[in-house]
Structure formats: C-alpha cells, structure tokens
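Work through the exercises below with the structure open beside you. Try each task before reading its solution.

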Amino acid sequence: MTIHDALRQQTIELPSWAFGNSGTRFKVFAQQGVPRDPYEKIADAAQVHRYTGVAPRVSLHIPWDLVDDYDDLARHAKEHGVSIGAINSNLFQDDDYMLGSLTHPSASVRAKAVAHHLQCIDVMRATGSTDLKLWLPDGLNYPGQDSLRARQDRLADSLAEIYAALDPNHRLILEYKFFEPAFYAMDIPDWGTSLLHCLALGDRAFVVLDTGHHAPGTNIEFIVAQLLRAGRLGAFDFNSRFYADDDLMVGSADPFQLFRIMHEIVQSGALAPSSGVNFMLDQCHNIEPKIPGQIRSVMNVQEATAKALLVDAEALLAAQTAGDVLGANGLVMDAYNTDVRPLLADLRESQGLDPDPIGAYKASGYAEKIVAERVGGTQAGWGA
Ligand code: PSV
Ligand code: MN
Ligand code: MN
C-alpha cells in the first residue's frame, strides 16, 4: 500500500464542544459567530471535513448537545456530509456527584449516573453512533475520605450495568486521567485501571487515551504499544499540553511525541478504521478561531501520520536486529525530519481538495457568514 493510500484510510473525529466558546476557570472569551445549538456545531464541524476530507464524524457530549429529536440531528449531519461519532456522557456538572458518580457511596446517586448512560445509549440508537465514551471525574481529595477499594467495586458494578445495556454493535470506551478534579486519588487514574475494568466487562470495552491526561514525562507511546498488544486501544482524545490537561491543539506543544505515537500505530497496522482505533480530538479553542483551530489539528495529525508512514520499516527491523542503535534511531529521525507538507498537498489535490485547507476555508467567506447570521452565540461545552 502506498503512503497516499494509507493516509486516505485515516479518519479523525471532531468534538462538538470545540466549536463553542470555551476558556479557563478565569474567563471564557466569547467569539462572534459561535454555534447557538448542536445543529450549528455540526455545520461547523462539516466545514473541517470539507477542507481536509478526513474528518467525517462528530462526537457529541450529553447534555451539552441536548436536542428533541436525535434522528433529525443525525439527518442534519448526513446532509452536511458527516455522521455522529462517540457519545460522551457527562458526570461532572451535577451537584449530586460531588462525592462521585458511578463510584458514589450512595446507591441512589450511582443509579442516577447509570440511568444517564441509558439516555446516552438511546442517543446512540437514534444517531447510529457505536461508541459510548465515559470519563469519570470521580475521586478523593483526602486520604480516608472513602475506601479506595470499595469505590473500585462500586465502579465495576456500575460499569457492568451500563455495559449490559449496550446493543451488540456498541462499544464502551473508558477514559482515564491522573488528576483533576480530584487531587489525592482519581478512581480511574491510569491506563492500567481502565484496562482492568475493560477486561472484566467484556470484549466490547476499550481504553481511551487522552494525550493530556498523564504526568509530565510519561512515555505515552509505550502505553499505546501496550494497549495495542492487548487489543484494547479503543480511541484517542488528541490534544496538547504544556503543563496539565491544557486541551491545546494536538501537535502544537510536542509534535515529536505525536509522531512517536503515530509510529506505534503505523507499526501495529492500526491506522485503518477497521483496526478499531478511533482517532478523536478533545480540544478547546479558547483564544484562536475554532474552525481553523480544528483544521490545524487535523493537519497536524496527518503530518505526524505521514512522517510515521515514511519510516523504512524493513531497514528499521534490520537495524534493530543487528543491534545498530544509531542506525535504528537515525531511520526514525530521518522520517520525523522530513517535510511532508508537499506530500499532503499532493494527496489533497488527488482527492479534489485545495492543497491549503486553512487558506481555502478563509477564502470561502464562511467565517464572515456565521458572524453575520449568528447573533448571540450560546456557551457550548464547558460553560453550559
Ligand atoms: C476530561 O478532562 C475530558 O478529557 C473528558 O474527555 C471530557 O469528556 C472532556 O475532557 C470534555 O472536554
Ligand atoms: Mn478527554
Ligand atoms: Mn481532559
């Protein structure tokens, strides 16, 4: 298969919340022309697909993306040339969950959190989504606050109830995060905990790796390799971080890390959608315009992927087998240091796309159109 063919197979999923206003706990900056409802978020996401050709799905977050009729929303997406991707539940914006959701000491709070997932599964049925994505804010701030072990037992039971409600074509994808909002102990702090729960649930449960959810210095590509070995890497939440869970554009802080991750993916043959790895973005664009911010991120993933595809796998294996440390490292670095922008421009032209997606978007007049049409954009996502 040529590099072009491999790149044509790759798809990247966009988060609906990237298109609304977002910020930090200090300030949410309102931008003009932001979507006023989930329909407009999907229309904006479709622009990213239009100019990149590789972003055909949009993840929803419930209840941020609450609508009366999800069949209608799915129809709307189709009309815009995209489809609905993962459905994210939300366990982090309800007062009842102050001490936990699926792990809460009270059975009635746990039942409420489970019931929310049944609602999300109904959304999946209506929209044709196949991935139910869970991220838990649950955890402890102080030693002794609750039993670490009992919380794992409650979590396992709650997850089993949710898993049992899935349809046969559905997957449960489970995200981990090492800190925040809890600071002493998160209930799913790492890939090992997520993987153990997935293994206990069954073969349709997979780990989600959010690149911003690790301690500084963590070797993320090692985790990727390990989860691929186990057949349990369900999805990425791609973003960049300098310090914590910064949710910046993927590939902006550490493009070399993104390349190393994609190198593991390519080496394992996990690029094609049939491999079951969903390449999602989980980003917030606080100060940059949102649609070009997503286009930039998609291009960054494509660039890292193209470089990974340039690694001469045969020569690398030979160097590794021969114990040629410098030779092996040199092959990887040669690929990383190649300028793949002309290759990607060619690819786009071969697909009938403009070689410069951001330039083409800017020239389209869409940004001016939405500013004129959408007065009073809502807080989509974090402010909701
Ligand atoms: C939590 O930090 C997280 O990464 C989860 O994926 C949430 O659903 C998402 O952020 C919201 O942006
Ligand atoms: Mn995430
Ligand atoms: Mn996060």
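**Exercise 1. Identify which residues are around ligand 1, and sort them by character.**

Solution. This is a predicted model, so treat each position as computed. Step one: list the shell. Trp17, Asn88, Trp135, Glu175, Lys177, Asp210, Asp237, Asp245 and Asp282 are the residues around ligand 1. Step two: sort them. The shell holds 2 nonpolar, 1 polar and 6 charged residues.

**Exercise 2. Describe the overall build of the chain: its helices and strands, and its compactness.**

Solution. Begin with the elements. There are 14 helices and 10 strands in the chain. Next, compare sizes. The radius of gyration is 21 Å, close to the 21 Å that the globule rule gives for 384 residues, so the chain is as compact as a globular protein of that length. Now take the extents. The C-alpha trace spans about 60 × 55 × 40 Å along its principal axes. Then look at burial. Of the 384 residues, 46% count as buried. Finish with contacts. Among contacts with a separation of 6 or more, 79% join residues 24 or more positions apart.

**Exercise 3. State which residues UniProt lists for the TIM barrel domain, and describe that span in the model.**

Solution. First, the record. An unreviewed UniProt entry lists residues 51-265 as "domain: Xylose isomerase-like TIM barrel". Second, the model. The span of residues 51-265 is 39% helix and 17% strand. Its end C-alpha atoms lie 25 Å apart.

**Exercise 4. Find the largest nonpolar core and the residues with the most contacts inside it.**

Solution. Start with a general point. Nonpolar side chains tend to be buried together in soluble globular proteins. Now the count. The largest nonpolar core has 93 residues. Leu174, Val207, Leu209 and Ala308 have the most contacts inside it. Helix α9, residues 290-310, gives the largest share of this core, 9 residues. Zoom in on one member. Leucine 174 touches Leu134, Ile188, Ser194, His197, Cys198, Ala205, Val207 and Val208, leaving out residues up to four places away in sequence.

**Exercise 5. Locate the cis peptide bonds before proline 63 and proline 181.**

Solution. Recall the background. Most residues other than glycine have a negative phi, and most peptide bonds are trans. Take proline 63. The bond from isoleucine 62 to proline 63 is cis, with omega near 20°. Proline 63 sits in the loop between β2 (57-61) and α3 (70-79). Take proline 181. The bond from glutamate 180 to proline 181 is cis, with omega near 10°. Proline 181 belongs to the loop between β6 (171-175) and β7 (185-186).

**Exercise 6. Glutamate 180 and aspartate 247 have positive phi values. Decide whether each is buried or exposed.**

Solution. Glutamate 180 comes first. Its phi is near 80°. It lies in the loop between β6 and β7. Count its neighbours: 12 other C-beta atoms lie within 10 Å. A residue is exposed at 12 or fewer. So glutamate 180 is exposed.

Aspartate 247 is next. Its phi is near 55°. The loop between β9 (233-238) and α8 (255-267) holds aspartate 247. It has 25 C-beta neighbours inside 10 Å. The cut-off for buried is 20 or more. Therefore aspartate 247 counts as buried.

**Exercise 7. Place asparagine 21, proline 355 and histidine 4, and find a partner for each.**

Solution. Asparagine 21 is in the loop between β1 (12-15) and α2 (38-52). It counts as buried because it has 23 C-beta neighbours inside 10 Å. Its C-alpha atom is 9.3 Å from that of glutamine 32, 11 residues apart along the chain.

Turn to proline 355. Its loop runs between α12 (341-350) and α13 (357-364). With 14 other C-beta atoms within 10 Å, proline 355 is partly exposed. Proline 355 and arginine 341 are 14 residues apart in sequence, with C-alpha atoms 9.2 Å apart. Beyond four places in sequence, proline 355 contacts Ala345, Arg348 and Glu349.

End with histidine 4. Helix α1 (residues 3-9) contains histidine 4. It is partly exposed, with 15 other C-beta atoms within 10 Å. Now follow the chain. Histidine 4 and aspartate 346 are 342 residues apart along it, yet their C-alpha atoms are separated by 8.9 Å. Neighbours within four places aside, histidine 4 is in contact with Leu347 and Ser350.

Conventions:
Residues are numbered from 1 along each chain as its sequence is written. Chains are lettered from A and ligands numbered from 1 in the order in which they are written. This is a predicted model: local features need pLDDT of at least 70, side-chain atom pairs count only at pLDDT 80 or more; totals for chains, interfaces and linings use all residues. A nonpolar core is a set of buried Ala, Val, Leu, Ile, Met, Phe, Trp, Tyr and Cys residues joined through C-beta atoms within 7 Å. Helices (H or I, at least four residues) and strands (E, at least two) are DSSP runs, numbered from the N terminus. Two residues are in contact if their C-beta atoms, placed from the backbone, lie within 7 Å. UniProt positions are given in the numbering used here, feature names are shortened, and annotations may be inferred rather than shown by experiment. The radius of gyration is taken over C-alpha atoms; the globule rule is 2.2 Å times the number of residues to the power 0.38. A residue is near a molecule or strand if its C-beta atom, placed from the backbone, lies within 6 Å of it. Ala, Val, Leu, Ile, Met, Phe, Trp, Tyr, Cys and Pro count as nonpolar, Asp, Glu, Lys and Arg as charged, and the others, Gly among them, as polar.
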